[in-house]
Amino acid sequence: FASTFLLTLVYSHSFAQATEKDTTASCIANWKQGEEKVLVISRHKESYESGKRTSNFNFSYEAIVSVLDSSKEGYTIKWVFRLPEEVRLANPGLAELMPVYDGMKMIFTCTPLGTFKELINWEEVRDAYVAMMEVSIPKDLDDTVKASLDQAKTLFNSKEMVESALIKEIQIYHAPYGGEFSTKGITGKTSLPNPLGPEPMPATVMQKIIEINPDSGYFKATINQEIDKQGAITMMENLFKKMNISNDTTVIKANEMLATLETFEIKDYCEYVIIQSTGWIVRMSHERTAVMSEMKQIDKMTIEIK
């Protein structure tokens, strides 16, 4: 159960220069009020157990991105999901089964650099996902399933949870904004949500430029992120000590969690093509690999301006 729960919560290049001089570049938004872009989003997910693939899923949709406001305080942006016409024709009735991808809008604010700040209509986004979840489940539910459904609804009853779990596309697309990248690479520490406790899990991150094209006005950058496994184990050990666990059953469960962490891996690899003059990311790809014991899940996403 612990393995499934963790995986559920969790979605080589080189650059050569003529000299060894380090080159840096920043991802900074320079958007104009009234601008509109259409993004093509493709998702792919596959799961493995004991080396055998157990699921394989592909899905594509679009997002209409509008710059509603641009000022010295920052930006207000709107994304609206829609199903491409060819997808509708090939899958009649899909819009009714997946209402999130048929007109749901997400309105959020960004800093003047383009860094994500806040999802304004988080309750509307939450309700859209809950509605899609309810459409996909049978009507004659037993009490246990109903209780699980109610628990899932409660889980997303805060803006923070909706922002962290339900707008993955926006969070990943905006991740590089406000950041600095180097041809030698810039490393640092970060954190990931912790499904086992209140404190986030420690992780390491590296941001690097892998290509610069001054003539075309773009640079290509990567963000590599990986959970600090030993740091996570130490953190959980300290947490259990603070809890002063004495009950035998609780001690066994705590040790099981620590043993689970020994096989737990989360790795993110993101690649972005950024136009320096406008700050628009014209193409990006993201891959998350999560491993827990014999289970492995790979989530891929590409976003490209149409």
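Which strand does Ile305 lie in? I looked, and Ile305 sits in strand β13; helices (H or I, at least four residues) and strands (E, at least two) are DSSP runs here, numbered from the N terminus.

**Ground rules**

I am working on a predicted model, where local features need pLDDT of at least 70, side-chain atom pairs count only at pLDDT 80 or more, and totals for chains, interfaces and linings use all residues. Residues are numbered from 1 along each chain as its sequence is written, and side-chain values use heavy atoms, with hydrogens and water left out.

**Whole chain**

I counted nine helices and 13 strands in the protein chain. Of its 306 residues, 41% are buried; buried means under 20% relative accessible area, exposed over 50%, and partly exposed in between, with a 1.4 Å probe and protein chains only. The chain exposes about 16700 Å², and carbon and sulfur atoms supply 51% of that. These areas come from the Shrake-Rupley method with a 1.4 Å probe, and for residues only the protein chains shown count as cover.

I also searched the whole structure for disulfides (cysteine sulfur atoms within 2.5 Å) and got zero. Two cysteines I checked on the way: Cys27 counts as buried at 0% relative accessibility, and Cys110 counts as buried at 1%.

**Back to Ile305**

Ile305 is partly exposed, with a relative accessible area of 23%. I listed its contacts (heavy atoms within 4.5 Å), not counting residues up to four places away in sequence: Lys37, Val38, Leu39, Trp280, Ile281 and Val282. I also took its C-alpha distance to Val65, which is 9.9 Å, with the two positions 240 residues apart in sequence numbering.

**β11, β12 and β13**

I followed the strands backwards from there. β12 (residues 281–292) and β13 (residues 295–305) pair in the antiparallel sense over ten bridges; a pairing needs at least two bridges found by DSSP. Met292 has Met295 in β13 as its bridge partner. The two strands form a hairpin with two residues between them, and Ser293 in the turn has a positive phi of about 55°.

β11 (residues 265–275) also pairs with β12 in the antiparallel sense, over ten bridges. Ile266 stands opposite Ala290 in β12. This hairpin has five residues between its strands, with Gly279 in the turn at a positive phi of about 80°.

Lys220, in strand β10 (residues 218–227), took me back to β11. Its C-alpha is 7.1 Å from that of Glu271, though the two are 51 residues apart in sequence. Outside four places in sequence, Lys220 touches Lys208, Ile209, Ile210, Glu211, Glu271, Tyr272 and Val273.

**Cores**

Which residues touch the most other members of the largest nonpolar core? I found Trp79, Phe81 and Tyr101, in a core of 55 residues. A nonpolar core is a set of buried Ala, Val, Leu, Ile, Met, Phe, Trp, Tyr and Cys residues joined through side-chain atoms within 4.5 Å. A second, separate core has seven residues, including Leu192, Met201, Ile227 and Phe264.

Leaving aside neighbours within four places in sequence, Phe81 is in contact with residues including Ile41, Tyr61, Val100, Tyr101, Met104, Met106, Tyr129 and Glu169.

**Aromatic rings**

I found 13 aromatic pairs. Rings of Phe, Tyr and Trp (its six-membered ring) pair if their centres lie within 6.5 Å; planes under 30 degrees apart count as stacked, over 60 as edge-to-face and the rest as tilted.

Tyr61 and Phe81 are edge-to-face, 5.1 Å centre to centre with 75° between the planes. Tyr61 lies in β3 (residues 52–71) and Phe81 in β4 (residues 74–82), so the pair ties together parts that are 20 residues apart in sequence. Both Tyr61 and Phe81 are buried.

Phe108 and Phe116 form a tilted pair, 5.6 Å centre to centre with 40° between the planes. Phe108 is buried at 0% relative accessibility, and Phe116 is buried at 14%.

I noted one aromatic cluster as well, formed by Trp31, Tyr75, Trp79, Tyr173, Tyr177 and Trp280.

**An odd phi**

Last entry: Ser50 has a positive phi of about 55° although it is not a glycine. Ser50 is in the loop between β2 (36–49) and β3, and it is exposed, with a relative accessible area of 53%.
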